[in-house]
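Trainee: I'd like to practise reading a fold from the top down. Can you walk me through one?

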Amino acid sequence: MHPRNYYKDNKPDFGKLAETRPSLKPFLLPSPSTTHTYTLDFSDQDALRELTCALLECDFGLRVELPVGKLIPTLTLRLNYIHWVEDLLSCTNGNIPTGDSVLGVDIGTGASCIYPLLGSKLNGWRFLATEIDKDSVTCALSNIQRNSMDTKIKVVQVSMETLLLGALEDQQQYHFCVCNPPFFGDGEERYGGVARSGSRPVPSTVNTGNEYETITAGGEVEFVQRIIRDSLKLGTMVRWYTSMLGKKSSLSPLKAELKKLEVPVIVTTELVQGRTRRWALGWSFDHSLKHKQDSGQGARKRPHPQEMALPSFPGTPEGLSEAVCWVQARFKELQMECSVVVQTSSCVELICSATKNTWLNQRRKRRLLQQLERLKQQQQQQQSSTVARTNTSWPLPQLLHLLYYSTPTFTDLPDAPIQDGQDNLAQRQKLMDELTSLHTPCHAEFLWTTALQERAAGPVAKKGACLGACPLGVVMRGEWLEGEDRDIVHQIVQYLNNSMDVQ
């Protein structure tokens with residue numbers, strides 16, 4: 001949770017809230033916690049609606065009505081987003097700008113008009129709020145009038161195709177835009193059919209809002225891409241373009257598109273509130289902000305992209321497809337997560353992320369595996385007089401698979417005997433521990449492009465291999481995007497070169 005979020009150190013007391021707002025009382029349930037007497041059923045939309053209205057009134061002095069069937073905003077999440085926008089605006093001089101001089105845009109403000117109300121209440125900001133639904137516009141205007149913010153917030157109804165272009169006023173400068181886009185691409189995704197992995201816990205809250213608020217063709221990625229297209233035409237008319245994202249996987253393709261368009265400033269953040277996580281993406285065409293962002297991070301020099309040629313693959317669309325399959329298999333071996341962001345007959349781009357360094361120390365790993373194999377054979381020879389066994393060898397590929405896809409122990413090893421000599425057992429466990437220790441944690445993200453390219457007359461990356469033999473060839477290019485491991489692309493190129501040598 002953002003350090004300035006009011007609820008970071010002020011957990012709501014539902015019993016006290018109900019004393020101020022009696023309509024919350026019917027939803028109170030006995031709490032198993034010793035801290036507070038009451039809790040709520042967070043899967044009950046009526047309870048969530050009353051809770052949100054009570055919190056806004058008691059903690060921020062905002063009287064808001066939320067109609068049934070419309071999106072119920074999660075207050076802690078909206079506050080996290082507002083505070084992040086404050087941080088972006090304060091990067092100029094370190095101070096959060098306040099007052100009427102700050103003008104923001106809320107794309108799809110909804111019936112609650114939550115972002116303009118909070119931004120105006122906390123910082124005195126002015127807002128232009130857009131909305132496509134007539135009933136939501138009416139409710140938003142009522143909430144604005146109820147809080148005497150008519151001079152601060154202007155609501156305009158727009159067509160479904162309108163995001164920024166056609167909504168902003170000419171010759172007007174805007175400091176930022178915020179957006180809570182429809183997260184899902186269809187109904188199946190909304191109700192958890194494809195969006196939630198099996199490892200994630202069942203959500204404790206319920207999806208609120210109607211279809212137009214939660215579902216859009218292409219999901220949130222396509223929606224934000226439309227904002228990006230508008231921003232290319234508007235340029236610095238808006239200083240900071242931002243959007244919330246419901247899925248972390250949406251960040252990679254959107255950042256890749258912004259980088260391809262050479263947008264000078266791109267920022268991201270994670271919005272954490274309890275078990276719920278959201279992400280936010282921001283970008284700007286103001287080059288001066290890039291220097292401020294860079295200076296704030298120590299102004300480290302960006303690593304140069306790395307290239308390598310794949311002379312063993314023909315310079316054809318089929319050869320390109322084979323090369324992509326080959327590199328995806330290598331990245332899978334390294335436990336990397338990869339997603340395709342661009343795919344044509346001549347170019348495929350992947351966004352890849354790594355959380356564990358599995359590509360270094362390959363020679364040492366092979367030696368350890370060979371030592372394990374010898375110990376295994378020794379142990380089997382000792383037991384051959386009493387135990388009849390088959391499959392007495394461990395193929396290296398099987399051991400490598402075990403190493404890459406788990407944190408192995410001696411008992412995980414294939415054909416491990418039920419009993420073993422203590423010395424042999426201790427030696428083997430020591431080797432397995434050393435193998436495991438070679439996989440150090442890391443965090444890095446990179447863009448990997450595989451393309452058909454005219455072969456140059458000189459060497460490219462692959463240990464002096466000349467590419468001038470035929471007009472087209474398959475070339476790979478890696479570019480670091482973010483993370484503390486800034487040498488990852490160079491290391492991966494070396495790993496792939498070695499893999500090709502082995503083949």
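Trainee: Let's begin with the inventory: how many helices and strands are there in the protein chain?

Mentor: Keep in mind that this is a predicted model. The protein chain has 15 helices and 14 strands.

Trainee: What share of the 503 residues is buried?

Mentor: Buried residues account for 47% of them. As for the outside, the accessible surface of the protein chain is about 24,800 Å², with 49% of that belonging to carbon and sulfur atoms.

Trainee: And what percentage of the contacts with a separation of 6 or more comes from residues 24 or more positions apart?

Mentor: That figure is 72% for the protein chain.

Trainee: On to the sheet. In which order do the seven strands of the open sheet come?

Mentor: General idea before the case: strands of a sheet pair through backbone hydrogen bonds, either parallel or antiparallel. Here the order reads S5-S4-S3-S6-S7-S9-S8, and the pairing is mixed. At the edges sit strand S5 (153-157) and strand S8 (265-273), each of them pairing on one side only. Going from one strand to the next, the twist averages 20°.

Trainee: Can we zoom in on one pair? How many bridges join S4 to S5, and do they run parallel or antiparallel?

Mentor: Five bridges link strand S4 (residues 126-131) with S5, and the two run parallel. Take Ala129 as an example: its bridge partner in S5 is Val155.

Trainee: Which strands does helix H5 lie across?

Mentor: Helix H5 (residues 134-146) lies across S4 and S5, and it runs at about 170° to S5. Then there's helix H9 (residues 251-260), which packs on the sheet and touches strand S7 (238-245), S8 and strand S9 (276-284). The direction of H9 makes about 5° with that of S9.

Trainee: Now a single residue. Where is the place of Ser252?

Mentor: Ser252 belongs to helix H9.

Trainee: Why does Ser252 count as buried?

Mentor: Buried means under 20% relative accessible area. Ser252 counts as buried because its relative accessibility is 10%.

Trainee: Which residues does Ser252 touch, leaving out those up to four places away in sequence?

Mentor: Ser252 touches Ser339, Ile351 and Glu445. With Glu445 there's a polar contact, side chain to side chain, at 3.3 Å.

Trainee: How far apart in space are Ser252 and Phe446?

Mentor: Their C-alpha atoms are 9.5 Å apart, while in sequence Ser252 and Phe446 are separated by 194 residues.

Key. Residues numbered from 1 in each chain as written. Predicted model: local features only at pLDDT ≥ 70, side-chain atom pairs only at ≥ 80, totals over all residues. Heavy atoms only, no water. Pairing = 2+ DSSP bridges. Helix = DSSP H or I, 4+ residues; strand = E, 2+ residues; numbered from the N terminus. Axes fitted to C-alpha atoms, helices over the stretch in contact; angles between N-to-C directions. Contact = heavy atoms within 4.5 Å. Buried < 20%, exposed > 50% of the residue type's maximum accessible area, 1.4 Å probe, protein only. Areas by Shrake-Rupley, 256 points an atom, 1.4 Å probe, with all protein chains shown as cover. Polar contact = N/O pair within 3.5 Å; in protein donor to acceptor, adjacent residues only side chain to side chain.
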